[in-house]
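Dear colleague,

I am handing over the structure we spoke about, with the sequence alongside. Please look it over first, and then read on for what was found in it.

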Amino acid sequence: MPELPEVETVARQLDRRMRGARLRDITVLDRKLSTDVLEATGGRIVRIYRSGKQVVFELGFGRAAPRFLVVHLRMTGRLVWTDQKGSYDSEGMMTNDGFDASTKSLRAKLRFDRGELFFFDTRRFGTLTHHSNVSDFAPRGVEPLSADFTTEQLHAMLRRAKQGVKAFFMRQDRIVGVGNIYASEILFRAGVSPKRSCHTLKRAEIEKLYAALRKVLSDAIAHSGTTFSDYRDSHGKSGSYQFRLAVYDRQDETCRKCRQAKIRRIVQQQRSTYFCPTCQR
Ligand SMILES: [Zn+2]
């Protein structure tokens, strides 16, 4: 499942290609999707940005209020933009051999004046919704990279949390955008064991966690996120952060920091957690 850096990458790539385009019509092919989205027809793309793990298409209607189309990709959602210059999957990678728009996984098709956007989703857990107000789709958790988010805030949140530190970082109602991959990476960078409970964390450790959270996510964005073949087809690979992962998916490999211990894998809440038993305490 894409986490914050992958969704940020999708939004930036689409913004570059689609900004200014006018939405001519929408074809909804999946009955699971609401036809409310048709209300965005006629709008012009003002900008495309990320909010939590959602891709937001802000559409302008002249003097009338803007409207928003919001996509949550979840497990297998994928956006493909195609125009005269070619076809691009949601990570900005050109799909050289094209794609099959007749496939059953196509859930919606948005036709613009200068191209088309396809929403594919094999498992159909993704969503495409229409909103008139930003507050209707704003995530409950805080944006970890926003200027308003401080160490103090993280400190206060961790004080109140009654759970393991890894589970805390994956809670979308607290901090948005961190999933299983980046949670392991953040704990490693901060030197904090995933077995720790939030209430045992010391001030200095919380400061390290705060710095690690921001650093890991912004580095991943700089590398266009992490892409694994199990969530995107081979033509869609363009992120490169998977080559920089320090612990995730590195079971039994040597730790890159201490160069002695082997990375261990444990299962927490049915998900794999990777860590270095020497570097993380
Ligand atoms: Zn180590």
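To begin with the overall layout of this predicted model, the C-alpha centres of domain 1 and domain 2 lie 29 Å apart. In the domain assignment of the chain, domain 1 covers 4–136 and domain 2 covers 151–275.

The next point concerns a pair of helices, H1 (residues 4–18) and H5 (residues 203–222), whose axes come within 9 Å and cross at roughly 40°, the crossing being right-handed. On the H1 side the residues that take part are Leu4, Pro5, Glu8 and Thr9, and these meet Leu217, Ala220 and Ile221 in H5. Sorted by character, the residues of this contact comprise five that are nonpolar, one that is polar and one that is charged.

Helix H5 also appears in the nonpolar interior. The largest nonpolar core has 69 residues, and those with the most contacts inside it are Leu69, Ile186 and Leu209. H5 supplies the largest share of this core, with nine residues, while domain 1 (4–136) and domain 2 (151–275) each contribute at least three residues to it.

If you would like one residue to start from in the viewer, Ile186 may serve, as it is among those with the most contacts inside that core. Leaving aside its neighbours within four places in sequence, Ile186 is in contact with Phe169, Val178, Leu209, Ala212, Leu213 and Val216, and Leu209 is itself another of the residues named for having the most contacts inside the core.

With best wishes

Definitions and conventions
Residues are numbered from 1 along each chain as its sequence is written. This is a predicted model: local features need pLDDT of at least 70, side-chain atom pairs count only at pLDDT 80 or more; totals for chains, interfaces and linings use all residues. Domain bounds come from an automatic or database domain assignment. Axes are lines fitted to C-alpha atoms, for helices over the stretch in contact, and angles run from 0 to 180 degrees between N-to-C directions. Helices (H or I, at least four residues) and strands (E, at least two) are DSSP runs, numbered from the N terminus. A crossing is left-handed if the near helix is turned anticlockwise from the far one by less than a right angle, and right-handed if clockwise. Two residues are in contact if their C-beta atoms, placed from the backbone, lie within 7 Å. Ala, Val, Leu, Ile, Met, Phe, Trp, Tyr, Cys and Pro count as nonpolar, Asp, Glu, Lys and Arg as charged, and the others, Gly among them, as polar. A nonpolar core is a set of buried Ala, Val, Leu, Ile, Met, Phe, Trp, Tyr and Cys residues joined through C-beta atoms within 7 Å. A residue is buried if 20 or more other C-beta atoms lie within 10 Å of its own, exposed if 12 or fewer, and partly exposed in between; C-beta atoms are placed from the backbone.
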